[in-house]
Amino acid sequence: MIARSKPRAPCPPSRPLSAERGAVLIVSLILLAVLTLLGLSTMSTTSLEERMAANTQESARAFQIAETGLARALRTPGLSEVTTLEPEPVTLADSQREVGNVTYAIRQNGEYLPPLGSLFSATRFRSQHFDVESTGETRSGGESNRIRSVHHAGAYQIIPNFQN
């Protein structure tokens with residue numbers, strides 16, 4: 001005996017293509033637009049953060065160049081003479097690449113008794129006080145992007161008192 005299958009119910013009539021509304025297309029286009037705006041915003045934020053990091057690095061480099069100028073000024077022989085020196089190029093320790101210029105000036109502020117607690121006799125010694133100003137300027141980034149840092153330091157030098 002052969003088993004017969006049950007007759008199927010007729011399919012409902014299909015809708016014509018002109019009745020499709022395209023909701024999936026609209027939703028996917030909106031989602032694509034939102035993702036594009038999100039990507040553009042992220043790229044803009046990333047480039048801004050990169051510029052901020054570069055400026056921070058250049059500021060730190062200008063600071064270090066100015067500190068180098070202070071150290072050079074305080075090692076100057078004959079500190080008692082008032083001097084303003086011409087700009088010097090500063091190079092990185094690990095390469096021959098110049099990174100900036102440093103200018104420093106030494107100005108004498110007067111002579112006084114040695115500071116208390118310095119163990120120098122006030123009758124045999126005197127102290128000369130100086131103001132040291134150092135200006136560091138970076139070279140990278142072109143003329144419009146140079147960063148300058150100015151540092152001041154006070155110093156004194158104990159010298160024999162030849163007036164007695």
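## Strand 4 and its surroundings

Strand 3 and strand 4 form an antiparallel pair with twelve bridges between them. This is a predicted model. On strand 4, D131 is the bridge partner of R107. Strand 4 also pairs with strand 5, again in the antiparallel sense, through 13 bridges. Here D131 appears again: its bridge partner in strand 5 is G154.

The two pairings of strand 4 are set out below.

| Pairing | Sense | Bridges | Bridge partners, one example |
|---|---|---|---|
| Strand 3 (98–112) with strand 4 | antiparallel | twelve | R107 and D131 |
| Strand 4 with strand 5 (residues 148–160) | antiparallel | 13 | D131 and G154 |

**Burial of strand 4**

Strand 4 spans residues 125–138. Ten of its 14 residues are buried, so the rest of the structure largely encloses this strand. For the protein chain, 23% of the 164 residues count as buried.

**S134**

S134 lies in strand 4. Is S134 buried or exposed? S134 counts as buried because its relative accessibility is 0%, and the cut-off for buried is under 20%. Its side chain reaches the backbone oxygen of A66 at 2.7 Å. Beyond residues up to four places away in sequence, S134 touches I65, A66, G69 and L70. The list of S134 contacts also includes V102, T103 and Y104, along with S149, V150 and H151.

**The nonpolar core**

Which residues make up the largest nonpolar core? The ten members are I65, L70, A73, V99, V102, Y104, I106, F130, V132 and A153. Helix 1 (23–74), strand 3 and strand 4 each contribute at least two of them. Strand 3 gives the most, with four residues.

Several members of this core recur in the contacts of S134, among them I65, L70, V102 and Y104. A153, also a core member, is in contact with L70, F130, D131 and V132, leaving aside neighbours within four places in sequence. D131 thus turns up both in the contacts of A153 and as the bridge partner of G154.

**The chain overall**

The protein chain holds one helix and five strands. Along the sequence, the pattern reads α-β-β-β-β-β. Among contacts with a separation of 6 or more, 59% join residues 24 or more positions apart. The accessible surface of the protein chain is about 12,600 Å². Carbon and sulfur atoms account for 59% of that surface.

Key
Residues numbered from 1 in each chain as written. Predicted model: local features only at pLDDT ≥ 70, side-chain atom pairs only at ≥ 80, totals over all residues. Heavy atoms only, no water. Helix = DSSP H or I, 4+ residues; strand = E, 2+ residues; numbered from the N terminus. Buried < 20%, exposed > 50% of the residue type's maximum accessible area, 1.4 Å probe, protein only. Polar contact = N/O pair within 3.5 Å; in protein donor to acceptor, adjacent residues only side chain to side chain. Contact = heavy atoms within 4.5 Å. Core = buried A, V, L, I, M, F, W, Y, C linked by side-chain atoms within 4.5 Å. Pairing = 2+ DSSP bridges. Areas by Shrake-Rupley, 256 points an atom, 1.4 Å probe, with all protein chains shown as cover.
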